[in-house]
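Biologist: Could you show me how to read charged side chains in a structure? I'd like the general idea, then a real case.

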Amino acid sequence: MNPVVLVVDDSLVNRQLIEWTLEGEAEVHSISNGRQCRELAGRLKPHAIFLDLMMPEYSGFDVLEELKAKAPELLPRTVVISARDDKKSRRAAEGYGIAA
């Protein structure tokens with residue numbers, strides 16, 4: 001049985017790149033916004049979450065805050081993907097126990 005991976009990114013290209021990279025190696029579920037993540041992550045209990053920080057309406061930071069409150073066991077399984085390369089964002093992600 002392949003591991004379950006959840007990809008959360010508003011960019012179709014980014015989602016497809018991860019899907020293609022993991023093809024045949026994981027059961028990949030791709031979604032385009034953070035709001036969908038909160039319900040799907042709880043249901044799927046993924047082995048890994050690839051999470052974009054910069055999404056409209058419900059950001060990756062919103063998702064991290066919700067995971068911290070409702071499913072903290074998923075935080076160490078989360079890989080942050082983002083175009084943001086600033087110290088503030090890196091420190092914020094590290095505050096959730098995510099290496100950046």
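Modeller: Sure, and keep in mind that this is a predicted model. Let's start with an odd one: aspartate 52 is buried yet has no salt bridge. The nearest side chain of opposite charge, arginine 15, is 8.3 Å away, and a salt bridge needs the nitrogen and oxygen within 4 Å.

Biologist: Where does aspartate 52 sit, and what is it in contact with?

Modeller: You'll find it in strand β3, residues 48–52. Beyond its close sequence neighbours, aspartate 52 is in contact with Val8, Asp9, Asp10, Gly60, Ile81 and Ser82. Its side chain also has a polar atom 3.2 Å from the backbone nitrogen of methionine 54.

Biologist: How do charged side chains pair up, then?

Modeller: Side chains of opposite charge can pair when their charged atoms come close. Searching the whole structure turns up three salt bridges. In one of them, glutamate 66 meets arginine 38, at 4.0 Å from N to O. Glutamate 66 is in helix α3 and arginine 38 in helix α2, so this pair ties together parts that are 28 residues apart in sequence.

Biologist: Which other side chain meets glutamate 66 in a salt bridge?

Modeller: Lysine 70 does, at 3.6 Å. These two are four residues apart in helix α3, so about one helical turn separates them. Together, Arg38, Glu66 and Lys70 are linked in a network of salt bridges.

Biologist: Are glutamate 66 and lysine 70 buried or exposed?

Modeller: Glutamate 66 is buried, at 16% relative accessible area, while lysine 70 counts as exposed, at 65%.

Conventions:
Residues are numbered from 1 along each chain as its sequence is written. This is a predicted model: local features need pLDDT of at least 70, side-chain atom pairs count only at pLDDT 80 or more; totals for chains, interfaces and linings use all residues. Side-chain values use heavy atoms; hydrogens and water are left out. Buried means under 20% relative accessible area, exposed over 50%, partly exposed in between (1.4 Å probe, protein chains only). Lys and Arg count as positive and Asp and Glu as negative; His and the chain ends are not counted. A polar contact is a pair of N or O atoms within 3.5 Å; within protein, one must be able to donate a hydrogen and the other to accept it, and residues adjacent in sequence count only if both atoms are side-chain atoms. Contact means heavy atoms within 4.5 Å. Lists of a residue's contacts leave out its neighbours within four places in sequence.
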